[in-house]
Structure formats: C-alpha cells, structure tokens
Amino acid sequence: MKYSKDAALGNAIKEYLVEKGVETPVLMTDKSNTTKIRIIEKNFTNIMKTLGLDLSDDSLKDSPHRVAKMFVNEIFYGLDYGNFPKATAVENKMKYNEVVLVKNISITSTCEHHFVTIDGKCHIAYIPKEKVIGLSKINRIAKFFAKRPQIQERLSEQIYYALSFILETEDIAVIIDAEHYCVKSRGIEDISSSTTTSKIGGVFLDDSARAELIGLIK
Ligand SMILES: Nc1nc2c(ncn2[C@@H]2O[C@H](COP(=O)(O)OP(=O)(O)OP(=O)(O)O)[C@@H](O)[C@H]2O)c(=O)[nH]1
Ligand SMILES: [Zn+2]
C-alpha cells in the first residue's frame with residue numbers, strides 16, 4: 001500500500017480509542033509480518049486439508065500463502081497502527097464553519113463473527129473549528145478502521161473518535177450503510193437487507209442539524 005503513514009498519530013489515536021472504550025479487543029503481538037504470514041499459512045493449510053482439499057492441485061497449492069498475505073497486508077492491515085494514514089490537521093485559516101460532507105465512501109470490511117465481507121457506503125460530515133483536514137484523509141481513516149475484523153457499530157465509533165481526536169471537535173457525524181455477507185450468503189440468506197449505523201456528536205445531535213445533514217446525504 002503506497003500512502004504516507006504516521007505511526008505516532010496512530011498510537012495516539014489507539015490510546016484515545018482505549019480511553020473511549022471503542023478499541024478492538026486486541027492483545028499485543030511482537031511478531032513481524034513475515035512471521036505472521038508464515039504462521040497463518042501453516043494454519044490455513046490445515047484448514048484446507050481438513051476440508052479434504054488436495055493441496056497438490058495447481059490452483060489450490062498457493063492458496064494458504066495467498067490467504068496469509070491477504071490477511072496481514074490487505075484486509076486486516078488496520079490492526080497495525082504503524083499503517084495509520086498521515087492525516088495531520090492544519091489550521092482552519094479561512095475560518096470555514098459550515099458542514100464538510102464526504103458522501104459515498106466505499107467501505108469493505110470483514111465481519112468479526114464469521115470472517116466474511118461487509119460491503120457498504122460511509123458518509124462523514126464535520127464542522128471545522130480550529131482545524132481542517134485533507135479530504136482524502138477522511139476516506140483513508142474510514143478505510144484504515146474497515147481493514148480489521150469488525151462489527152459495524154464499532155467501526156462507526158472508531159472513525160468518529162479518530163476524527164474527533166484529529167480535528168479537535170465533537171461536531172462530527174459518521175453514518176454507515178452496509179450489507180453483511182454473513183446475513184446475505186449464509187445464515188438467514190437475506191439478499192436485500194442492509195444495516196445503517198451512525199455515531200453522531202456535537203451540533204449534529206440537534207434535530208435541525210440532523211435533518212439538514214440527512215437532506216445533504218440524500
Ligand atoms: N450487532 C452486530 N451484529 C453483527 C454484525 N455482523 C454480524 N452480526 C451478527 O452476529 C450474530 C452472531 O450470532 P450467532 O448466533 O453467534 O451466530 P450464527 O449462529 O452464525 O447466527 P446466524 O447469523 O443467525 O446464523 C449474527 O446475528 C450476525 O448477524 C455487526 O456488525 N453488528
Ligand atoms: Zn457475520
């Protein structure tokens with residue numbers, strides 16, 4: 001992943017999420033990515049063999065390594081705060097104090113109960129106080145927290161508190177609408193339902209501001 005990272009900011013946000021009680025339950029690991037990939041590869045080999053799959057088949061033989069790389073470097077890279085995007089806020093010199101809304105941010109995450117895909121859209125709004133942030137950084141922060149085993153409620157809250165920490169305001173709204181493949185492709189097998197969650201703070205809690213925001217999203 002080629003983007004600028006900021007581990008110091010990531011670690012400060014981790015502490016803030018722990019304080020707010022919204023951090024993902026994680027235990028410390030000092031294993032390198034190479035070690036993690038080697039261990040996951042070995043364990044996924046066992047899963048495939050247990051299912052009776054023939055790992056000498058050309059198409060299957062590299063799947064354990066492929067899955068291990070995908071877990072560590074792609075779909076779960078947001079477990080590592082060393083990958084937190086460089087998202088430094090800058091002074092709000094123009095004193096802009098109306099809504100900034102980034103709509104339809106594509107999110108793919110992974111359900112932590114079943115380890116299948118969550119696929120949806122995220123809308124993020126804030127009203128600047130002293131600080132503003134590059135627009136793409138909002139998408140990047142949402143994506144960082146999506147790249148973990150997740151539940152949708154916690155994903156909404158983690159994005160909210162990370163932005164609140166960086167932007168030094170509570171005037172933020174995070175709304176996610178997503179389809180869960182654990183609901184769609186298994187279990188209840190409902191192909192049409194989606195789930196909306198939100199974490200809203202500050203002025204967006206007022207009825208009129210909330211109504212205005214919903215109008216802008218529509
Ligand atoms: N609150 C919440 N629940 C979720 C999310 N993703 C998946 N779930 C639910 O987690 C629950 C896990 O329930 P269990 O009864 O332990 O699992 P299960 O036997 O596979 O349940 P079914 O999905 O109903 O077949 C299910 O109801 C899922 O729909 C999420 O993001 N938020
Ligand atoms: Zn699930």
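# A tour of the chain and ligand 1

The secondary structure of this predicted model comes to 7 helices and 7 strands. Colour the chain by secondary structure and follow it from the N terminus: the order of elements reads α-α-α-β-β-β-β-α-β-α-β-α-β-α.

Next, show the whole chain as C-alpha atoms. Along the principal axes, they fill a box of roughly 65 × 40 × 30 Å. The chain has 218 residues, of which 27% count as buried. Now consider contacts between residues at least 6 apart in sequence: 73% of these join residues at least 24 apart.

Select residues 7–20, which make up helix 1. Place a distance label between the C-alpha atoms at its two ends; they are 20 Å apart. This agrees with the expected span, because 14 residues at 1.5 Å a residue should span 20 Å. Then step to glycine 21, just after helix 1, where phi is positive, about 75°.

Move on to ligand 1. Which residues surround ligand 1? Select Cys111, His113, Ile151, Gln152, Glu153, His180, Cys182, Val183, Gly187 and Ile188 to display the shell. Two elements give two or more residues each to this shell: helix 5 (152–167) and helix 6 (181–184). Highlight both helices while the shell is still shown.

Finally, colour the shell by residue class. How many of the residues around ligand 1 are nonpolar, polar and charged? The shell divides into 5 nonpolar, 4 polar and 1 charged.

Definitions and conventions:
Residues are numbered from 1 along each chain as its sequence is written. Chains are lettered from A and ligands numbered from 1 in the order in which they are written. This is a predicted model: local features need pLDDT of at least 70, side-chain atom pairs count only at pLDDT 80 or more; totals for chains, interfaces and linings use all residues. A residue is near a molecule or strand if its C-beta atom, placed from the backbone, lies within 6 Å of it. Helices (H or I, at least four residues) and strands (E, at least two) are DSSP runs, numbered from the N terminus. Ala, Val, Leu, Ile, Met, Phe, Trp, Tyr, Cys and Pro count as nonpolar, Asp, Glu, Lys and Arg as charged, and the others, Gly among them, as polar. The expected span of a helix is 1.5 Å times one less than its number of residues. A residue is buried if 20 or more other C-beta atoms lie within 10 Å of its own, exposed if 12 or fewer, and partly exposed in between; C-beta atoms are placed from the backbone. Two residues are in contact if their C-beta atoms, placed from the backbone, lie within 7 Å.
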